[in-house]
Amino acid sequence: MNGNVAFFGLGHMGGPMSANLVKAGFNVAGFDPVGELLDAAATQGVKKAASPLEAIAGTDYVVSMLPNGEDVEALYIDSDKLLEHIAENTLVIDCSTVAAASSTRLIAEAQKRGLHAVEAPVSGGVAGAVAGTLSFMCGGEAADVERARQVLQHMGSNVFHAGPAGAGQTAKICNNMLLAIHMIGTAEALQLGVDNGLDPKVLSEIMLKSSGANWSLEKYNPYPGVMENVPASKNYSGGFMVKLMCKDLGLAQQAATASRSYTPLGSLARNLYGLHGRAGNEGLDFSSIQRLLG
Ligand code: NAD
């Protein structure tokens, strides 16, 4: 037995991540307000907790994978007040993508109570969560990140220490801003090719061996039918929702304003994803931006 884990948030990412911890020999108690997700996780060996307090009883680690910063602050500090109930030797690892200020607050509040906490937002998507190949971008004290590695290494292939509290979130939004930009560029190029009579599969093969090659084209092709097992070939279901990409692009813009950085393509990407979401596509995978261009 590797230890006890309380896992909060069993959605697209947290579901498979918690299942990988079970496979690695952890005793995992899961909590999510959505009953069907608890049932689904139970089929993977995650024990159903009836409440947040039941989940953290006797645990060594608390891992959370929640939609946004308000959820994280509500769980730990403002509403469920978990930090007041977590035992002293427990390590809190928040893997959600949130504002650097939310992570900094969580880590500082934990330290005030004699607890340890790190932020560890991830890259790699649902496929990476299922395969256990995520990249974690940690922020916090070096010793805490080292301890978190004992858990994170079973859900991913890379565990980076970006710097102090907040640094992991900054690395994450820089990465996702770039991801949004190359996804839109990839969709735009594919649409231009198709509109001019090219087969999107052939065009993808050509660009993959040319200077246009990038992650969106190689691993997550947005054009339906080009790749199997990606959201584009499943009516853009599963994956990373447009509304979550909008959240990340909003966080990137907030950071840019605060640091007086200029991110013209990031700003355009936020507007395009925002309009696409408002047109009824918030729940689709972010590669559905292809539809806006088609
Ligand atoms: P999701 O909406 O599928 O899952 C989040 C889950 O958290 C939901 O099931 C929700 O019910 C649950 N939840 C909310 N409040 C809770 C609470 N107080 N206690 C327990 N559970 C609670 O979202 P997701 O796609 O799994 O994303 C989760 C996080 O991971 C987000 O911050 C997102 O930005 C980040 N992320 C997602 C992807 C991706 O590809 N989906 C990739 C990288 C990072």
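## The pocket

In this predicted model, the ligand fills the space that counts as the largest pocket. Where does that put the ligand relative to the two domains? Domain 1 (3–164) and domain 2 (170–293) both give residues to the shell around the ligand, so the ligand lies between them.

## Who lines up around the ligand

Altogether, 25 residues surround the ligand, and H12, M13, D32, L66 and T97 are the closest. Sort the shell by character and you get 15 nonpolar residues, 7 polar ones and 3 charged ones.

Two helices pitch in here: helix 6 (125–131) and helix 11 (242–259) each bring at least two residues to the shell.

## Polar contacts

Now for some individual atom pairs. The side chain of D32 has an N or O atom 2.7 Å from an oxygen atom of the ligand. For H12, a side-chain N or O atom is 2.8 Å from an oxygen atom of the ligand. G9 uses its backbone instead: an N or O atom there lies 3.3 Å from a nitrogen atom of the ligand.

And how much of the ligand does the protein cover? On its own, the ligand has 830 Å² of accessible area, and the protein covers 89% of that.

Key
Residues numbered from 1 in each chain as written. Predicted model: local features only at pLDDT ≥ 70, side-chain atom pairs only at ≥ 80, totals over all residues. Heavy atoms only, no water. Near = heavy atom within 4 Å. Polar contact = N/O pair within 3.5 Å; in protein donor to acceptor, adjacent residues only side chain to side chain. Areas by Shrake-Rupley, 256 points an atom, 1.4 Å probe, with all protein chains shown as cover. 1 Å grid on protein atoms, 1.4 Å probe; cavity = no way out; pocket = protein on both sides within 12 Å on 5 of 7 lines; lining within 4 Å. Sits in = over half its atoms within 2 Å of the grid points. Helix = DSSP H or I, 4+ residues; strand = E, 2+ residues; numbered from the N terminus. Nonpolar A, V, L, I, M, F, W, Y, C, P; charged D, E, K, R; others polar. Domains from an automatic or database assignment.
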